[in-house]
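Reader: I'm new to this one and would like a close look at a single part, the nonpolar core and the strands around it. Could you walk me through it?

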Amino acid sequence: MKSLLKSTYSKTNLLIVLLALSCGSLMIAQAGGNDSLFIGMVRSGTLDHGIGLAEGYLLVYSATDEFDDGGLVFNAHSSYLIYTGDGKLFKSVENHMSRSDEIPELVVLPVGSYTVEARSANEGYVRVQVVIRADLRTIVDLDK
């Protein structure tokens, strides 16, 4: 009986230690950034982090590049650049997760005016002015 009690006590302690170690690694934060990731939790609402920076969303349907994956053909959207209102490069967007991903990337941007430089299937490389508004999705379809 004493051996069974000691075994149960040891297993309980081990479980508590493992649980504590795993909980300590659930939060990941990047130095210099004000965003963090909590595994298993979803953040909703505005993403101003209490410092007054409103954000909106940008979705760009750029020209696609065909990719043959062993008989399966995918059309991944081509990458593009985002420039600030004063012409400085703000972000380079790959616009797909993998070469077999046909959904353009949803980009979170601070509210403001930007220039998007992307490849259109019909017009080649084009520059388009966009305005990002708080909590709204701006959609750019270069070939419609």
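**The core and its strands**

Author: Let's start with the outside: the accessible surface of the chain comes to about 10300 Å², and 58% of that belongs to carbon and sulfur atoms (areas are from the Shrake-Rupley method with a 1.4 Å probe, and for residues only the protein chains shown count as cover). Keep in mind that this is a predicted model, where local features need pLDDT of at least 70, side-chain atom pairs count only at pLDDT 80 or more, and totals for chains, interfaces and linings use all residues. Residues are numbered from 1 along each chain as its sequence is written, and side-chain values use heavy atoms, with hydrogens and water left out.

The chain has one helix and 11 strands, and the helix comes first from the N terminus. (Helices, H or I with at least four residues, and strands, E with at least two, are DSSP runs numbered from the N terminus.) Of the 144 residues, 22% are buried, meaning under 20% relative accessible area with a 1.4 Å probe, protein chains only; exposed is over 50%, and partly exposed lies in between.

Now for the core itself. The largest nonpolar core has 14 residues (a set of buried Ala, Val, Leu, Ile, Met, Phe, Trp, Tyr and Cys residues joined through side-chain atoms within 4.5 Å). Leu-58, Val-60, Tyr-80, Ile-82, Leu-109 and Val-116 have the most contacts inside it. At least two core residues each come from β3 (55-61), β6 (80-84), β8 (106-110), β9 (112-120) and β10 (124-132), with β9 giving the largest share, three residues.

Take Val-60: beyond its neighbours within four places in sequence, its contacts include Tyr-80, Val-116 and Leu-142 (contact means heavy atoms within 4.5 Å).

How are those strands arranged? One open sheet has three strands in the order β8-β3-β11, with mixed pairing (two strands pair if DSSP finds at least two bridges between them). β8 and β11 (137-141) are at the edges with a single partner strand each, so one side of each has no neighbour in the sheet. β3 and β11 run parallel over five bridges, and Leu-59 stands opposite Ile-139 in β11.

Another open sheet has four strands, β7-β6-β9-β10, and its pairing is antiparallel. Its edge strands, β7 (89-93) and β10, pair on one side only. Nine bridges join β9 to β10, and Val-116, that core residue again, stands opposite Val-128 in β10.
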